[in-house]
Amino acid sequence: PFFGEPQRKSLIASASGLTTMEIETAYAKAVTLQRDNFSNMDFDKFNKTVLVAKTEVVKNSEVLEIMDAIPMDEVGGLEVYKEWIETASRCFTEEAEKAGVDKPKGVVVIGSPGTGKSLVAKATASVLNQALVKFDISKVYGSLVGQSEERARSAIKMLEAMAPCVCLVDEIDKGLGGSHSSGGDSGVSTRVLGTILTALQESKADIFWIASANRVDSLPPELLRKGRFDEVFAVLAPNRVERKAILEIHLKKRGQKVKLKGLQVAVDASKGYMGAEIEAAVKEAVKVAYVDDVTMNGDLIAKQLGMMKPLRDAFPEEILAMETWAQNNARLASSSIEEEPVGIVVGKDKPVRKRRRSLK
């Protein structure tokens, strides 16, 4: 079948890091799986078959893991980041390079657990139309002298062979937290950090790095300085508009009506909750509605939220410290404004809801 130039480039990128024989096998399998529709093959299915073949190769690595990308419209809110990555996606072309535009290196995404940092990485891979590889830094460390550094170098070499790709270094604060302290690991964390920083600084491979972190107090400052990454984004608890979008996304994923009766009740009740907590409430409400044979509505979601202790209440000091740092040192991935309805103003044609703005 004839695929357009962008699709052919995607297939080449999807097969990068494979041997010639592995590529031929993957393409042949992709063709065979759609032999009944040979003249009009589905590109997404074809490309996914190739990525699955790459997954089998990556499985041989203890450190790397292929992850599935998701459409950006499955991410509620984060409009600032969405606009930034959409602009960045236009800077990977030959035309941009000829114009003197540097290719984006990556971002650091900081936020409390459950705010959607991994989701951001999955959606970023979709926007850039590249494979997403997770670099599990916790699996780098070995018991033998020099083993950790060798695993890190080996993983980076494999990443470079697979480029172009998006690499998620998930919860980097846990893996490198001791690199700038006087820990008892004989400097292993420092050397692993040095290996990663060198790759960030000097590698010519088209790797877009996304480092996520729950805590910032344990991150070495040299990781966050300009030049390592293009931007440091903070993902905080969602505002009103984002909470509504998150609710609608998870209702739609479970086959529920998006324009749910009493949805606004759930939006109000979810203030201060993280995205993952809102998803959990929707999941539980759908289950309760099915088991009890009642109509799904916003009150059911609000009830589930009420029975849940949000992370913000469980760890108030840690969450506040992280958010304070983010407000002062990072770029917010979304607006920090919380919109609250305060009354109805009658316009010329129809009632218009007046809103006041207050900082979260």
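Trainee: Which residues in α13 meet residues in α14?

Mentor: On the α13 side they are E277, I278, A281, V282, E284, A285, V288 and A289, and their partners in α14 are L300, I301, Q304 and L305. By class, that contact has nine nonpolar, one polar and two charged residues. Keep in mind that this is a predicted model.

Trainee: How are two packed helices described?

Mentor: Two values do it: the angle between the axes and the distance between them. Here, helix α13 covers residues 275–292 and helix α14 covers residues 298–306; they pack at an angle of about 120°, with their axes 8 Å apart.

Trainee: What does that angle make α13 and α14 to each other?

Mentor: Angles of 65 to 115 degrees count as roughly perpendicular and those over 145 as roughly antiparallel. The angle of about 120° falls in neither group, so α13 and α14 are oblique to each other. Their crossing is right-handed.

Trainee: Which residues of α11 meet α13?

Mentor: R243, I246, L247, H250 and L251 in α11 do, and they touch G275, I278, E279 and V282 in α13. This contact divides into five nonpolar, two polar and two charged residues. You have met I278 and V282 before, in the contact of α13 with α14.

Trainee: At what angle do α11 and α13 pack?

Mentor: Helix α11, residues 240–253, packs with α13 at about 45°, and the axes are 10 Å apart. These two are therefore oblique to each other, and α11 passes α13 in a right-handed crossing.

Trainee: Are α7 and α9 roughly parallel or roughly antiparallel?

Mentor: Start with the angle: the axes of helix α7 (residues 147–162) and helix α9 (residues 188–202) cross at roughly 15° and come within 9 Å. Angles under 35 degrees count as roughly parallel, so that is the word for α7 and α9. The crossing of this pair is right-handed.

Trainee: Which residues in α7 and α9 meet?

Mentor: From α7 come S148, E149, A152, R153 and I156; from α9 come V188, R191, V192, T195, I196 and A199. Sorted by class, they are six nonpolar, two polar and three charged.

Trainee: Stepping back, how many helices and strands does the protein chain have?

Mentor: There are 16 helices and nine strands. The chain has 360 residues, and 45% of them count as buried. Of the contacts between residues at least 6 apart in sequence, 74% join residues at least 24 apart.

Trainee: And what share of the exposed area do carbon and sulfur atoms supply?

Mentor: They supply 53% of the roughly 19,300 Å² that the protein chain exposes.

Technical notes:
Residues are numbered from 1 along each chain as its sequence is written. This is a predicted model: local features need pLDDT of at least 70, side-chain atom pairs count only at pLDDT 80 or more; totals for chains, interfaces and linings use all residues. Side-chain values use heavy atoms; hydrogens and water are left out. Helices (H or I, at least four residues) and strands (E, at least two) are DSSP runs, numbered from the N terminus. Buried means under 20% relative accessible area, exposed over 50%, partly exposed in between (1.4 Å probe, protein chains only). Contact means heavy atoms within 4.5 Å. Accessible areas come from the Shrake-Rupley method with a 1.4 Å probe; for residues, only the protein chains shown count as cover. Axes are lines fitted to C-alpha atoms, for helices over the stretch in contact, and angles run from 0 to 180 degrees between N-to-C directions. A crossing is left-handed if the near helix is turned anticlockwise from the far one by less than a right angle, and right-handed if clockwise. Ala, Val, Leu, Ile, Met, Phe, Trp, Tyr, Cys and Pro count as nonpolar, Asp, Glu, Lys and Arg as charged, and the others, Gly among them, as polar.
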